[in-house]
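Q: Please take a close look at one helix of this chain and at how it is placed among the others. A connected account suited to a first-year student would be welcome.

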Amino acid sequence: MDPKKKRPLTVVQLQATPLPSPLPAAVAMAETVDFASGDGEAWRAALGAYDRRLAALDKPDLLDADSFYRHDLPLLLHGRDPDPYLAKPELVQLMQWKLSRGKWRPRLMDFVKSLDDKVVESASRKAFAALPDLSKAITELTVLKGVGPATASAVLAAYAPDVAPFMSDEAMVAALGNVKEYTLKQYLAFAEKLQAKAEELSVGGESLTPSDVERALWSSAIASKPPKAPAGGKRKR
């Protein structure tokens with residue numbers, strides 16, 4: 001491990017015993033799951049591989065961004081209960097996470113950075129107050145320039161992972177088929193599917209949230225992707 005790179009404690013723990021690269025086929029298969037599957041053990045294996053899949057992307061600053069989004073931001077938001085809000089710098093960091101984990105769209109970051117602090121706080125207050133009504137909560141957030149249903153879902157998932165899953169490309173494809181329409185209607189259909197799956201898998205005292213289901217699907221999709229071409233080969237841009 002490069003000592004210059006900071007990694008979240010959970011990731012360090014998971015990587016304390018180096019794994020072969022690439023993973024043996026049997027291990028990789030055990031960490032992938034189909035949306036139709038009701039095998040709770042398989043889902044938890046895919047979820048458990050999330051940190052390693054994230055690290056395997058080898059994207060600068062992604063691990064720190066993910067740690068902020070999954071650990072620090074929820075604490076900040078709930079620390080403001082009963083009137084939670086999202087501060088503009090936190091929205092910028094959330095957007096950094098979203099774009100780093102998915103497709104980089106610099107224009108969205110520019111829009112978010114140009115927002116007024118008070119406008120972000122006001123919109124997010126209304127959105128959190130609207131929960132568990134996802135339709136109203138998403139609508140309150142998408143008044144912000146650069147914040148579409150996908151980014152809005154990330155905001156809500158940070159505060160209420162048991163209600164609002166993040167609208168990632170990978171989870172959308174897994175749950176709804178090869179359709180990536182970033183509309184409120186599509187998000188509500190997606191959220192309903194993940195809520196139902198989380199309820200199905202939450203048995204025997206072990207529970208999964210819709211956000212856990214999303215991360216398991218993302219992890220599974222990343223595991224199923226073909227390995228990167230060797231250095232020196234052609235790369236898509």
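A: The part chosen is helix α6, and the model in which it is seen is predicted. The buried residues of α6 pack against α4 (50-56), α5 (62-78), α7 (106-113), α8 (117-130), α10 (149-159) and α13 (210-224).

The helix itself covers residues 88-101, which makes 14 residues. Its length can be checked by a short piece of reasoning. At 1.5 Å a residue, a helix of 14 residues should span 20 Å, and the end C-alpha atoms of α6 are indeed 20 Å apart, so expectation and model agree.

Next comes the question of cover. Of the 14 residues in α6, 11 are buried, and the helix is therefore described as mostly covered, given that buried means under 20% relative accessible area. Among the buried residues are Leu91, Val92, Leu94, Met95, Trp97 and Leu99. The list also includes Lys88, Glu90, Lys98 and Arg101, as well as Ser100.

For the setting of this helix, the whole chain may be considered. The protein chain contains 13 helices and zero strands. Of its 237 residues, 45% count as buried. Among contacts with a separation of 6 or more, 62% join residues 24 or more positions apart. The chain exposes about 12800 Å², and carbon and sulfur atoms supply 56% of that area.

One partner of α6, helix α13, deserves a closer description. Two packed helices are described by the angle between their axes and the distance between the axes. The axes of α13 and of helix α11 (residues 169-176) come within 8 Å and cross at roughly 95 degrees. Since angles of 65 to 115 degrees count as roughly perpendicular, α11 and α13 are therefore roughly perpendicular to each other. On the α11 side, the contact is made by Glu170, Ala171 and Ala174, while α13 contributes Glu214, Leu217, Trp218 and Ala221. By class, this contact has five nonpolar, no polar and two charged residues.

Helix α13 also holds Asp212. This residue counts as buried because its relative accessibility is 14%, and the cut-off for buried is under 20%. Leaving aside neighbours within four places in sequence, Asp212 is in contact with Leu47 and Ser207. Asp212 and Pro161 are 51 residues apart in sequence, yet their C-alpha atoms are 7.9 Å apart in space.

Notes. Residues are numbered from 1 along each chain as its sequence is written. This is a predicted model: local features need pLDDT of at least 70, side-chain atom pairs count only at pLDDT 80 or more; totals for chains, interfaces and linings use all residues. Side-chain values use heavy atoms; hydrogens and water are left out. Helices (H or I, at least four residues) and strands (E, at least two) are DSSP runs, numbered from the N terminus. The expected span of a helix is 1.5 Å times one less than its number of residues. Buried means under 20% relative accessible area, exposed over 50%, partly exposed in between (1.4 Å probe, protein chains only). Contact means heavy atoms within 4.5 Å. Axes are lines fitted to C-alpha atoms, for helices over the stretch in contact, and angles run from 0 to 180 degrees between N-to-C directions. Angles under 35 degrees count as roughly parallel, over 145 as roughly antiparallel, 65 to 115 as roughly perpendicular and the rest as oblique. Ala, Val, Leu, Ile, Met, Phe, Trp, Tyr, Cys and Pro count as nonpolar, Asp, Glu, Lys and Arg as charged, and the others, Gly among them, as polar. Accessible areas come from the Shrake-Rupley method with a 1.4 Å probe; for residues, only the protein chains shown count as cover.
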